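Please open the structure in your viewer and keep the selection tool at hand. The tour goes from one selection to the next, and says at each stop what is there.

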Amino acid sequence: MEIGTTDAVRPSADRDETTLLDLRQIALTIRRRLWWVMAVVAIVLGLTVVAYMLVPRRYSATATVALDRQVEELVAQPKGDGTLPTDSPSVDTEVQVLTSPRLTGEVVDALNLGRRAGFGQPDDGTVVPPEQARQRAVRRLMSGLSAKRVGTSYAIAVSYAAPDPALSAAIVNRTIDQYVDDQRTGRVGDRDRETMLLRERMGKLRSDVIAAEAAVARYRAATNLIDVQKDSTATQQEISILNTQLATAAADRAAAVARLNAGVGADASPVIGALRAQQAQLSAQRAELAGRYGPLHPDLAKIDRSLTDVNASIGKESDRIRQGLAAEARVAEGRAGAIRSALSSAEGGLMAGNNASVQLNELLRTAESARTLYQSLLDRYQQSVAGQGTERSRSSVVAYALVPTGHTFPNPAVFGVAGLMAALIAAGAVVLVLELLESGFKSRRDVESKLGLPVLGNVPDLATIPGVSYSRRDPLGPPDYLVENEASVFGEAFRSIRNGAHIEQGERGIRSLAVCSALPNEGKTTTAICLARSAAMAGLKTVLIDCDLRRRASSRSMAAEAQKGLTDLLKGDATFDEVAVRDASSDAWVLPQGDGKSGYDLITQSAMQTLIDTLAGRFDLVVLDTAPVLPLAEARAVAAMADGVLLVTRWRKTPVQAAKLATDLLGRAGARIVGVALTRVNLKEQARAGDGDEMIYYNQFAGYYS
């Protein structure tokens with residue numbers, strides 16, 4: 001297919017492909033659908049007002065409860081009792097507790113809401129069983145009760161909304177009172193359970209302590225161990241002393257044996273010393289007497305006898321001393337043996353005591369562990385007993401709810417904002433649906449981007465031109481207006497088409513132009529007549545050929561009385577001068593269709609091509625008013641015979657898909673589409689909300705048209 005596309009087409013197509021969100025186009029679309037938007041907004045806002053008036057009023061009451069970070073107990077509790085300081089997560093936990101089924105159930109029971117209509121009982125007056133009524137009331141209360149932490153503080157705001165303001169305040173106040181009471185009674189119950197459990201455990205531990213201590217006593221008695229540590233220390237001290245004594249005894253024995261062997265005791269004896277001195281004196285006297293008087297002196301015998309006595313005394317004394325040293329050595333040996341025996345006995349006793357102390361220590365540890373645990377539980381039990389009745393709640397009421405004087409639902413501001421948002425959303429949805437349902441072309445840019453063809457002219461709808469009135473039932477209304485108002489915006493549209501199609505460029509221009517449309521009722525015939533009249537009034541010799549054998553729209557409008565026409569000319573039954581009709585308003589010639597309905601195949605044969613070529617040589621412009629392209633094959637065949645094709649699409653009516661199919665079929669037939677004419681364009685709408693079209697500036701250049 002050969003398409004007369006200009007460079008001006010491409011930027012528009014590129015712009016549409018690359019622009020994801022065209023805010024200007026959205027604004028123009030809303031402006032074009034402004035009446036729909038205003039109507040939808042008005043309806044939705046009206047429904048919002050009605051809903052606001054009909055919805056039941058609800059009154060909200062709010063009370064505040066605070067959590068103490070650390071409760072000071074009257075009786076100090078032992079560390080590790082499970083009570084932790086209040087922190088941020090614990091506040092969030094208490095928020096959930098305030099709206100829990102257990103607490104709401106207690107509130108339902110306290111306020112007897114199970115018997116109240118709208119809570120436990122239905123509003124229609126029917127009676128439900130008590131248990132079912134309680135469950136209904138709990139669910140109803142939970143659905144409306146809310147608890148929310150106040151900022152980052154340790155305060156929790158509890159709210160409830162109900163049609164009865166007094167009931168709202170009563171429910172909220174009872175909820176926080178029940179919550180505070182539950183905390184205190186819960187701690188009382190925990191304390192009682194703790195006391196009972198400690199009492200039970202202490203009874204068992206007491207028996208364990210007694211049994212453990214009895215086992216220690218029995219083992220000590222059986223092993224003769226009074227105090228393992230004390231006995232061990234005494235035995236060790238005894239062994240140390242015995243070792244010292246044994247060393248001393250061994251030294252004494254060694255000294256005694258040495259003296260015995262050396263005879264040191266005899267030499268050191270004073271008796272022996274005196275005897276030896278007497279012996280020496282007697283020997284000296286004997287020697288002096290023997291020297292002086294000779295060996296026969298009578299005193300020598302006396303001295304000899306005295307020496308014999310002294311020597312005998314020395315011998316006896318020496319024997320006695322040696323016997324004493326031997327006895328002393330024996331005594332030292334015996335003492336050392338006794339000490340060794342005692343040391344061996346002590347060491348044996350220590351070893352036996354150590355062996356027995358292993359089991360005794362195990363029994364002692366068991367008994368000590370039982371005593372320690374028993375003492376710990378005893379202290380805890382005494383503290384628990386002392387703390388009974390002193391429990392305090394870990395929360396306190398900051399402010400009770402007052403009976404509300406004004407309703408909180410419905411909120412006029414919220415309803416207004418919600419209604420406005422709903423109105424805007426609904427209006428947007430309506431506009432979106434309308435835009436989706438609208439399958440036609442909206443502007444020059446729309447046509448060029450979707451078909452890739454240049455728009456040669458926008459033909460306005462006469463009904464939208466200010467100051468113009470005509471009857472839509474008159475088929476010659478627009479052509480007659482063109483003749484009478486050649487300088488109007490309507491006439492300018494056809495001059496634009498002629499220039500865009502290069503009709504007035506002599507040998508290089510188009511001499512034959514087929515005016516086609518994809519579907520019927522798109523303004524094709526009106527466009528063809530107006531184009532022929534516009535060219536004729538511009539001084540071009542123009543002929544309009546009615547090629548629509550079925551509708552004969554051009555013939556009925558401009559040559560209603562013609563008996564013969566195109567088919568007769570093609571058959572050779574008439575000449576052009578015999579069947580052609582001159583338009584007195586513009587001096588254009590019209591080749592109509594005759595009364596007969598035949599020649600469907602004749603119009604597609606070579607005779608038709610010959611006729612077009614002949615008339616193109618005789619006239620400056622041959623305009624072919626064809627049948628719709630999609631339903632009729634002869635329309636595509638005739639269009640291919642012309643120098644160019646003007647595709648007519650109706651503004652916002654011709655489906656885009658139909659126009660694309662028409663261009664495809666014309667291309668397959670060999671037709672050359674030179675451009676598109678957008679017909680029945682609403683100037684008011686385009687001037688107010690058109691985009692990608694010169695008509696958006698119509699109000700600025702309207703003064704140029706007479």
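Select helix H5 in this predicted model and colour its buried residues, which are Leu103, Thr104, Gly105, Val107 and Val108. Moving just past the end of H5, pick asparagine 112, whose phi is positive, at about 55°.

Staying with H5, show the side chain of aspartate 109 together with that of arginine 134, since the two meet in a salt bridge with an N to O distance of 2.9 Å. Aspartate 109 belongs to helix H5 and arginine 134 to helix H6, so this pair ties together parts of the chain that are 25 residues apart in sequence. Are these two partners buried or partly exposed? Aspartate 109 counts as partly exposed because its relative accessibility is 45%, and arginine 134 is likewise partly exposed, with a relative accessible area of 28%.

Next, follow the loop that runs between helix H5 (101–111) and helix H6 (130–144), and stop at alanine 117, which is placed there. With a relative accessibility of 48%, alanine 117 counts as partly exposed, the cut-off for exposed being over 50%. If neighbours within four places in sequence are left aside, alanine 117 is in contact with Pro122 and Asp123. A C-alpha to C-alpha distance drawn from alanine 117 to alanine 133 should read 9.9 Å, for a pair that is 16 residues apart in sequence.

For the next stop, select aspartate 92 and arginine 149, which form a salt bridge whose closest N and O atoms are 4.0 Å apart. Aspartate 92 lies in helix H4 (residues 88–98), whereas arginine 149 lies in strand S3 (residues 146–149), so the pair ties together parts that are 57 residues apart in sequence. Aspartate 92 itself counts as partly exposed, at 39% relative accessibility.

Further along the chain, select aspartate 587 and arginine 582, another salt-bridged pair, in which the closest N and O atoms are 1.9 Å apart. Aspartate 587 is partly exposed at a relative accessible area of 42%, and arginine 582 also counts as partly exposed, at 44% relative accessibility. Then add Asp480, Arg533 and Asp583 to the selection, because salt bridges that share partners join these three into one network. How many salt bridges does a search of the whole structure find? The search finds 15 of them.

Now display helix H15 (residues 489–500) and helix H16 (residues 524–537) together, and look at how their axes, which come within 10 Å, cross at roughly 80°. That angle makes H15 roughly perpendicular to H16, because crossing angles from 65 to 115 degrees are put in that class. On the H15 side, the residues making the contact are Phe490, Phe494, Arg495, Ile497 and Arg498, while on the H16 side they are Thr527, Cys530, Leu531, Ser534 and Ala535. Colouring this contact by residue class shows six nonpolar, two polar and two charged residues.

From that contact, keep cysteine 530 selected, for it is buried, with a relative accessible area of 0%. Cysteine 547 is the next residue to pick: it is in no disulfide, and the nearest cysteine sulfur, which belongs to cysteine 516, is 9.0 Å away. Cysteine 547 is buried too, with a relative accessible area of 2%. The structure as a whole holds zero disulfides.

The last local stop is arginine 652, in the loop between strand S12 (644–650) and helix H22 (656–669). Arginine 652 counts as buried, because its relative accessibility is 11% and the limit for that class is under 20%. Which residues should be shown around arginine 652, not counting those up to four places away in sequence? The residues that arginine 652 touches are Arg32, Glu438, Gly440, Phe441, Lys442 and Gln686.

Finally, clear the selection and bring the whole chain into view, with its 24 helices and 13 strands. Of the 706 residues in the chain, 43% count as buried. Among contacts between residues at least 6 apart in sequence, 80% join residues at least 24 apart.

Definitions and conventions:
Residues numbered from 1 in each chain as written. Predicted model: local features only at pLDDT ≥ 70, side-chain atom pairs only at ≥ 80, totals over all residues. Heavy atoms only, no water. Axes fitted to C-alpha atoms, helices over the stretch in contact; angles between N-to-C directions. Helix = DSSP H or I, 4+ residues; strand = E, 2+ residues; numbered from the N terminus. Parallel < 35°, antiparallel > 145°, perpendicular 65-115°, else oblique. Contact = heavy atoms within 4.5 Å. Nonpolar A, V, L, I, M, F, W, Y, C, P; charged D, E, K, R; others polar. Buried < 20%, exposed > 50% of the residue type's maximum accessible area, 1.4 Å probe, protein only. Disulfide = S-S within 2.5 Å.
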